[in-house]
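Visitor: I have a model open on my screen and I would like to learn how to read it. Where do we begin?

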Amino acid sequence: MSHWLITGAAGFIGANFVRLAAGGAGARLVVLDALTYAGNLENISDLIGDGKVDFHRGDICDEKFVTDLFARYRFDRVVHFAAESHVDRSILGAGPFIRTNIHGTAVLLDAARASWKARTGNHLFLHVSTDEVFGSLQPDEAPFTEDSPYRPNSPYSASKAAADHLVRAWHHTHGLPTIISNCSNNYGPWQFPEKLIPLMILNAFDGRELPVYGDGRQVRDWLHVEDHCRALLAMLEGGRAGRTYVVGGACERANIDIVQRIAVEVDALLGRPAGASAKLLRHVADRPGHDRRYAMNAAVLQAELGWRPRHDLESALPAVVRWYRENREWADRIRSGAYLDYYEKQYGARA
Ligand code: NAD
Ligand code: TYD
């Protein structure tokens with residue numbers, strides 16, 4: 001039976017990926033996560049309880065832990081999500097980003113290389129990266145493609161760019177079968193509420209301010225997380241080693257428009273008078289070095305692997321707002337910090 005290692009699966013995209021893969025990949029899913037502030041085992045606890053995934057708490061920077069895991073399971077696929085992922089935190093302090101995103105990726109690459117050297121098989125190391133490595137687009141520039149030059153601007157995107165370069169080098173020098181996926185901004189269930197969309201939804205529910213950085217005219221290309229995960233599954237199935245694939249929703253929206261749209265949805269859901277939540281919107285100091293625009297052209301992925309997004313933001317957003325309402329207790333446990341004890345309560349003392 002095929003064994004997949006999924007790193008960072010207690011985070012937002014990893015958890016959504018595991019849910020999708022557990023439903024149909026026909027592989028044994030082994031999940032590794034350090035459970036940093038961004039990792040919440042509750043996101044996948046039902047799957048662990050059902051025996052659909054094996055969970056291991058550990059750090060991708062820990063060589064012994066990672067090597068032992070490879071020896072135990074003999075993975076043929078690695079899907080690498082684990083990362084420090086929030087730009088604002090990388091501005092406050094880059095250390096954890098350099099450590100996890102760069103060093104941690106190198107540890108995983110070496111473990112895969114050592115484990116796969118002697119074996120022939122259908123091995124693949126899928127590295128999950130971001131559009132932010134390509135920097136910022138001018139309003140009239142064409143969207144990024146697989147050939148766009150790397151121009152990262154934030155400590156976060158620079159650390160992800162470094163990781164992408166390591167993956168590329170391990171393929172070029174050591175022949176490691178790798179794919180790099182560069183995806184645009186995701187939205188959907190289980191997103192940690194420090195990111196724009198869940199933060200604005202939860203603040204609007206509570207009548208708290210909606211803090212828009214600067215003029216709010218920065219543009220992101222939004223993709224539903226399930227579409228991202230389906231793109232990754234398509235790469236695992238039919239992608240070619242050594243390739244990069246660009247993933248995006250062709251859905252460019254200014255932040256301010258997203259926030260106003262969320263305000264409308266929250267008013268409708270909670271039965272507030274029209275315009276009530278929009279009054280919570282505040283322009284606050286801009287993010288230093290804030291990238292103005294990201295956009296992706298996923299034509300190669302569409303042509304080679306037949307992938308198409310199934311969700312569009314306009315029709316998906318009401319369901320996402322409803323999800324955060326229906327999962328209010330999940331969000332409350334994050335906001336109160338209670339989620340940090342989840343692992344200990346379920347599995348005893350910290351390893
Ligand atoms: P997230 O912050 O929600 O989750 C990251 C997960 O990694 C957490 O569960 C955390 O505990 C774990 N982790 C962190 N450091 C670790 C370490 N040293 N060892 C083991 N586990 C560790 O992030 P996300 O939004 O789910 O993003 C997942 C990946 O996708 C990241 O690599 C990110 O760069 C990339 N990405 C994200 C987006 C987006 O819009 N969120 C878009 C494109 C690409
Ligand atoms: P974010 O969700 O942090 O993703 P990224 O920085 O990786 O694109 O932010 C999305 C956009 O929303 C980005 O342009 C910054 C902006 N933003 C705000 O205006 N206010 C906020 O409180 C946050 C968290 C983000």
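**Reading the model, step by step**

Guide: Start with the cysteines. This is a predicted model, and it holds 0 disulfides. Take C183: it is in no disulfide, and the nearest cysteine sulfur, that of C229, is 8.9 Å away. A disulfide needs the two sulfur atoms within 2.5 Å.

Visitor: Is C183 buried or exposed?

Guide: Buried means under 20% relative accessible area. C183 has 3% relative accessibility, so it counts as buried. C61 is buried as well, with a relative accessible area of 11%.

Visitor: Now a helix. How many residues of α7 are buried?

Guide: First, the general idea. An α-helix has 3.6 residues a turn, so residues three or four places apart point the same way. Now the case here. Helix α7 spans residues 196-206, and 9 of its 11 residues are buried. Among them are I197, L199, M200 and F205.

Visitor: What covers the buried residues of α7?

Guide: The cover includes strands β7 and β8 and helices α9, α11 and α12. After α7 comes G207, with a positive phi near 70 degrees.

Visitor: Which residues are closest to ligand 1?

Guide: They are I13, D33, S85, Y156 and K160, and 29 residues surround ligand 1 in total. By class, the shell has 14 nonpolar, 12 polar and 3 charged residues. Strand β5 gives the largest share, 3 residues.

Visitor: Where are the polar contacts?

Guide: Look for pairs of N or O atoms within 3.5 Å. A polar side-chain atom of S85 lies 2.6 Å from an oxygen atom of ligand 1. A polar backbone atom of F81 is 2.9 Å from a ligand 1 oxygen. Taken alone, ligand 1 exposes 840 Å², and the protein buries 97% of that.

Definitions and conventions. Residues numbered from 1 in each chain as written. Chains lettered and ligands numbered in written order. Predicted model: local features only at pLDDT ≥ 70, side-chain atom pairs only at ≥ 80, totals over all residues. Heavy atoms only, no water. Buried < 20%, exposed > 50% of the residue type's maximum accessible area, 1.4 Å probe, protein only. Helix = DSSP H or I, 4+ residues; strand = E, 2+ residues; numbered from the N terminus. Contact = heavy atoms within 4.5 Å. Near = heavy atom within 4 Å. Polar contact = N/O pair within 3.5 Å; in protein donor to acceptor, adjacent residues only side chain to side chain. Areas by Shrake-Rupley, 256 points an atom, 1.4 Å probe, with all protein chains shown as cover. Nonpolar A, V, L, I, M, F, W, Y, C, P; charged D, E, K, R; others polar.
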